[in-house]
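Got the model open in your viewer? Switch to a cartoon view, keep the selection box handy, and follow along.

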Amino acid sequence: MGYRGHSKGRNKKRKSGRSKVKLAVRKNLSFTSKKIREQWDASKTVKQNLEKLGLASDVNKIGHQGKSSTTKEIVQLFDVPKSDNLNKKESLPLEADDQKYIARCMAKHGENYSKMFYDLKVNRMQHTEHKLRTMGSRFLLLEKHQRVVEVPEKIKYLVREEDI
């Protein structure tokens, strides 16, 4: 008798936890690009509209398009610069803050990365020994024009003279 009372409660819990299936509702999409807005047809599916624009609706199937060989009118969507030179800023192998950080660590402990690791006053960000070692080696490989901080006296013998 006790089991019957529990089964009603259990089934009630199971029923209440079920989620109801919702039907997909089409949304009116708004685009910032005037060219896309002109070409978009709300009566067609998203896949059909993307194919009309010359865009892939499923990026996983881009390399496997062997079925259709029809040429489609492709709409020019973006103005792409003709030059490869996009005024890229030269990135440093080690950022300025990291250079200051590792220089302070090396000024106190030299090349002893295990001591750096345990010294929480200097290694306040608590980098691992491996991370400190990679930062230290990158700092030592920097050229003179890339350095923001002077090389500490303890490690000057590790750096080429023209890079000091």
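Run along the sequence and the protein chain reads α-α-α-α-α-α, which adds up to six helices and zero strands; helices (H or I, at least four residues) and strands (E, at least two) are DSSP runs, numbered from the N terminus. This is a predicted model, where local features need pLDDT of at least 70, side-chain atom pairs count only at pLDDT 80 or more, and totals for chains, interfaces and linings use all residues. Residues are numbered from 1 along each chain as its sequence is written, and side-chain values use heavy atoms, with hydrogens and water left out.

Colour by burial before zooming in: 21% of the 164 residues in the protein chain count as buried (under 20% relative accessible area, with exposed over 50% and partly exposed in between; 1.4 Å probe, protein chains only).

Next, select α4 (96–109) and α6 (129–141). They pack at an angle of about 100°, their axes 10 Å apart (axes are lines fitted to C-alpha atoms, for helices over the stretch in contact, and angles run from 0 to 180 degrees between N-to-C directions). That makes α4 and α6 roughly perpendicular, the label for 65 to 115 degrees. Show side chains for D98, Q99, Y101, I102, A103 and M106 on α4, and L132, M135, G136, F139 and L140 on α6: these make the contact (heavy atoms within 4.5 Å).

Stay on F139 and add R147, whose charged end sits over the F139 ring, 5.2 Å from its centre (the test is NZ of Lys or CZ of Arg within 6 Å of the ring centre and within 35 degrees of the ring normal).

Now go to N112, in the loop between α4 and α5 (113–118). Its side chain makes a polar contact with that of S114, at 2.9 Å (N or O atoms within 3.5 Å; within protein, one must be able to donate a hydrogen and the other to accept it, and residues adjacent in sequence count only if both atoms are side-chain atoms).

Which residues form the one aromatic pair? Select F117 and Y118: they are edge-to-face, 4.8 Å centre to centre with 65° between the planes (ring centres of Phe, Tyr or Trp, its six-membered ring, within 6.5 Å; planes over 60 degrees apart are edge-to-face, under 30 stacked, the rest tilted). F117 is partly exposed at 29% relative accessibility, while Y118 is exposed at 65%.

Last stop: N123, in the loop between α5 and α6. Is N123 buried or exposed? Buried, at 0% relative accessibility. Leaving aside neighbours within four places in sequence, N123 is in contact with Y101, M116, F117 and L132.

How values were computed:
Angles under 35 degrees count as roughly parallel, over 145 as roughly antiparallel, 65 to 115 as roughly perpendicular and the rest as oblique.
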